[in-house]
Amino acid sequence: MNLSRRSLLAVIASSVLSACTQIPKPEPKPKLIEPITGDGGSPEKAADAAGVPTKTFDYARVYAPVKDEGYDVPGIQYTEIKPQFLRQEVAYATNEPPYSIVVDTQTMFLYYVLPGGRAIRYGVGLGAAGRAWKGRAVVHWKRKWPRWTVPDDMVARQPHLKKYGIDAGGMDPGLDNPLGARAMYIFQDGQDTLYRIHGSPQWRSIGKNASAGCVRMLQQDAIDLYDRVRGKTPLLVL
């Protein structure tokens, strides 16, 4: 069967489109034990509600500039971000299995579940449609420094993005690419949802509804999560 150029490009671009669609099947919210943290700007341990040490990180090191795959990723001005949105290890009571991901769209936290009732918690930014996205899915695959391809419906709303559309082959990877340094591609029932968990050069948007959709992270946090995710990782979005 012969495919037109546009049809072939659409098939190729389906793996990198950044639009988001609603995922049904809402799930109950797991109980969260919030940590009692320090000032959020230095490495320390503080007792949480369960009496288990809560680990914060050396943020000056964690969010420092980094050279990654040939790109110079700028450092994050972490002192200008609310401390709760900085990476930390917390007590987290959930029925989700270890090494799965939970995104809470109300608190704007992403949890990477660890054994023993713990989790790595990251602050995230969401789009206006992000709060309507609830259910179960799978991080089907992931990519370093992905291309960003704008779907036709977004081009229709924002014609200036046509140069990054399907026919144009999308935006090259780089520091200004909205998908950032890493992208994790979310599938449900074997189908691409067009949702992504991804890094973002716009660090001030973390903790806010500021994107066109999907789940955005600080670049250094996206790189950290990418390195933790193995295989097809279960995902629950609250």
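**Salt bridges**

I searched the whole of this predicted model for salt bridges and found eleven. I then looked up several of them individually.

I began with E69, which forms a salt bridge with K144; the closest N and O atoms are 3.2 Å apart. I noted that this pair links distant parts of the chain, the two residues being 75 residues apart. E69 lies in the loop between β3 (66–68) and β4 (71–73), whereas K144 belongs to strand β10 (residues 135–144). I looked up the accessibility of K144 and obtained a relative accessible area of 36%, so I entered K144 as partly exposed.

I turned next to D192, whose salt-bridge partner is R196, with the closest N and O atoms 2.8 Å apart. Is each partner buried or exposed? D192 is partly exposed, because its relative accessible area is 22% and the buried class requires a value under 20%. R196 has 0% relative accessibility and therefore counts as buried.

**D221 and R87**

I recorded a further salt bridge between the side chains of D221 and R87, at 2.9 Å from N to O. This pair, too, links distant parts of the chain: D221 is in helix α4 and R87 is in the loop between β4 and β5, 134 residues apart. Both D221 and R87 are buried. For D221 I noted a relative accessibility of 0%, which is why D221 counts as buried.

Which residues does D221 contact, once its neighbours within four places in sequence are left aside? I found Y63, R87 and Y122. R87 thus appears in my notes both as a contact of D221 and as its salt-bridge partner.

I also followed the salt bridges outward from this pair. R87, D221, D224 and R228 are linked in a network of salt bridges.

**Helix α4**

I examined helix α4 (residues 219–228) as a unit and found it mostly covered, with eight of its ten residues buried. The buried residues are Q219, Q220, D221, A222, I223, D224, L225 and Y226. Two of these, D221 and D224, I had already entered as members of the salt-bridge network.

**Charges over rings**

I looked for charged ends placed over aromatic rings. The charged end of K142 sits over the ring of Y226, 4.2 Å from its centre. Y226 is one of the buried residues of α4. R87 appears again here: R87 lies over the face of F57, at 5.7 Å from the ring centre.

**Aromatic pairs**

I counted the pairs of aromatic rings and obtained nine. I looked up the pair of Y99 and Y112, which is tilted: the centres are 6.3 Å apart and the planes are at 50 degrees. This pair links distant parts of the chain, with Y99 in the loop between β5 (88–91) and β6 (101–104) and Y112 in strand β7 (residues 109–114), 13 residues apart.

How do the two rings' residues stand in accessibility, buried or exposed? Y99 has a relative accessible area of 47% and is therefore partly exposed. Y112 has a relative accessible area of 5%, so I entered Y112 as buried.

Lastly, I noted a cluster in which ring pairs link F85, Y92, F109 and Y111.

Terms used. Residues are numbered from 1 along each chain as its sequence is written. This is a predicted model: local features need pLDDT of at least 70, side-chain atom pairs count only at pLDDT 80 or more; totals for chains, interfaces and linings use all residues. Side-chain values use heavy atoms; hydrogens and water are left out. Rings of Phe, Tyr and Trp (its six-membered ring) pair if their centres lie within 6.5 Å; planes under 30 degrees apart count as stacked, over 60 as edge-to-face and the rest as tilted. Helices (H or I, at least four residues) and strands (E, at least two) are DSSP runs, numbered from the N terminus. Buried means under 20% relative accessible area, exposed over 50%, partly exposed in between (1.4 Å probe, protein chains only). A charge sits over a ring if NZ of Lys or CZ of Arg is within 6 Å of the ring centre and within 35 degrees of the ring normal. Contact means heavy atoms within 4.5 Å. A salt bridge is a side-chain nitrogen of Lys or Arg within 4 Å of a carboxyl oxygen of Asp or Glu.
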